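Let's take a stroll through a protein model, one piece at a time. Have the 3D view ready and follow along.

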Amino acid sequence: MGMEPRATSSGLQRQFVSLVLRELWQALDWKCEDRMALDVGCGSGDFSACDLLSRLPEDMVILATDSCPSAVSRAADKYDGTRLCFLELDIGAAHIEDTGVWRLAPFSKIFSFFSLHWVQNQRVAFQNINKLLSPGGEAVFIIISHSRLFTMYESMAKSPRWSTYMEEYLKYVTPYQELNNPEHQFTMYMKEVGLSVKTCRNQRDINYVSTDEQNIIDTVRSINPFMGRMPKELRESFIRDCVREAYRNGTLRCRRLPGGSSYCFRYDALVAHVVKPWLEG
Ligand SMILES: C[S@@+](CC[C@H](N)C(=O)[O-])C[C@H]1O[C@@H](n2cnc3c(N)ncnc32)[C@H](O)[C@@H]1O
C-alpha cells in the first residue's frame, strides 16, 4: 500500500474480538501439526501480544503481520519475543509467493480482525489466505461490512479543507458497504478459493459503548487511514471535524443518562470461521 494507515488497536476492536474469540475458540482444532499462527493486519500488535498469544496453546507461536512498515517496526520494538514476531505483509499482494511470510508458511491458523475491509480485491486476499494455510488449517475473520463512518469519509472528502488528503477515499470504504447480503458475497468468495465455511454471519448494529467520549474519539482516530497523509499540525483538527461529522450522520451517538453520558459507535461486521479442506487421496 502506498500510504500508511494509522495502525492502532482500539477499544472497539478489542471488545468485539474478545467476544467472538470466546464464542469460536472451542470450535477450533488445536491438534494440528504446524504450530505457527498468522495474524494479518496486526496494527500496533497490542491485540496479538495481549489477547491472542495468551489464548494459544503454549507450544504455538504467532507471526504478526501488517502492510504498514512503521506499524510493524513499532510493534516489533515493543513485543518481539520468543513466541511472537513481526513481518511486513500486504495480504492483497499479487504474488504472495515472493513475500517473506511465504517462506514461513504454511500456517495452521490465520486470524484477521478489522483489517480485511481495507483490501478492495477480496478475492485475491482470500486466495492468498488459502495458499498460506496448511491443509486442515483454519481462519477466523472479523471484517467491517457496513458503517456510516464510510459515509463520513465521503462527506469529508468533499470538503475543500480535507479533499486533498482524501482523494482516493473509496479505497478505504469496506467493499461490502453497499451489499444487502454481505455474507452471501463472502460465502461466494470462499467457494471460489476453496475454503469451507464453518461459521459466517453478518452481525448488524454492533455497538461499541463507552462512558468515556475519548475512547470513542480514539476509535475514530485508530481506524482512520488518512491521517498519515497530512502534516502533523493538521491531524487533531481533522479528527475533530471527523468526529463532528460522525455525530451528525449518526455513526456516533451520545445518550444522556442520569449518572452521566454514554457514547456509542455503531457498525456491522462479518464474523467467519473457515477451514481449508484436507488434500484428497
Ligand atoms: C484497525 S487495525 C487492526 C489491528 C488489530 N488487528 C486489532 O484488531 O486490534 C487494521 C490494520 O490493517 C492493516 N492493513 C490494511 N491493509 C492491509 C493489507 N492489505 N494487508 C495487511 N494489513 C493491512 C492496517 O495497516 C492496520 O494496521
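Start with strand E7 (residues 252-257), which pairs with E8 in the antiparallel sense over six bridges. Keep in mind that this is a predicted model. The two strands are joined by a hairpin that takes two residues to get from E7 to E8. Right by that link, Leu257 has Gly260 in E8 as its bridge partner.

E8 has other partners too. With E6 it pairs through 12 bridges, again antiparallel, and here Arg201 stands opposite Val271 of E8. E5 also runs antiparallel to E8, joined to it by eight bridges; find Ile144 and you'll see that its bridge partner in E8 is Ala269. E8 is mostly covered, with 14 of its 16 residues buried.

Now hop over to helix H7 (residues 182-193). Does its length add up? At 1.5 Å a residue, its 12 residues should span 16 Å, and the end C-alpha atoms are 17 Å apart, which agrees.

Which residues of H7 are buried? They are Pro182, Phe186, Tyr189, Met190 and Val193. These five cover an arc of only 100° around the axis, so they sit on the same side of H7. The spacing helps explain this: an α-helix has 3.6 residues a turn, so residues three or four places apart point the same way.

And what covers those buried residues? The cover includes helix H5 (122-132) along with strands E5 (133-146), E6 (196-210) and E8 (260-275), so you've already met some of it. Just after H7 comes Gly194, with a positive phi near 90°.

Methods. Residues numbered from 1 in each chain as written. Predicted model: local features only at pLDDT ≥ 70, side-chain atom pairs only at ≥ 80, totals over all residues. Heavy atoms only, no water. Helix = DSSP H or I, 4+ residues; strand = E, 2+ residues; numbered from the N terminus. Expected span 1.5 Å × (residues − 1). Buried < 20%, exposed > 50% of the residue type's maximum accessible area, 1.4 Å probe, protein only. Arc of directions from axis to C-beta. Contact = heavy atoms within 4.5 Å. Pairing = 2+ DSSP bridges.
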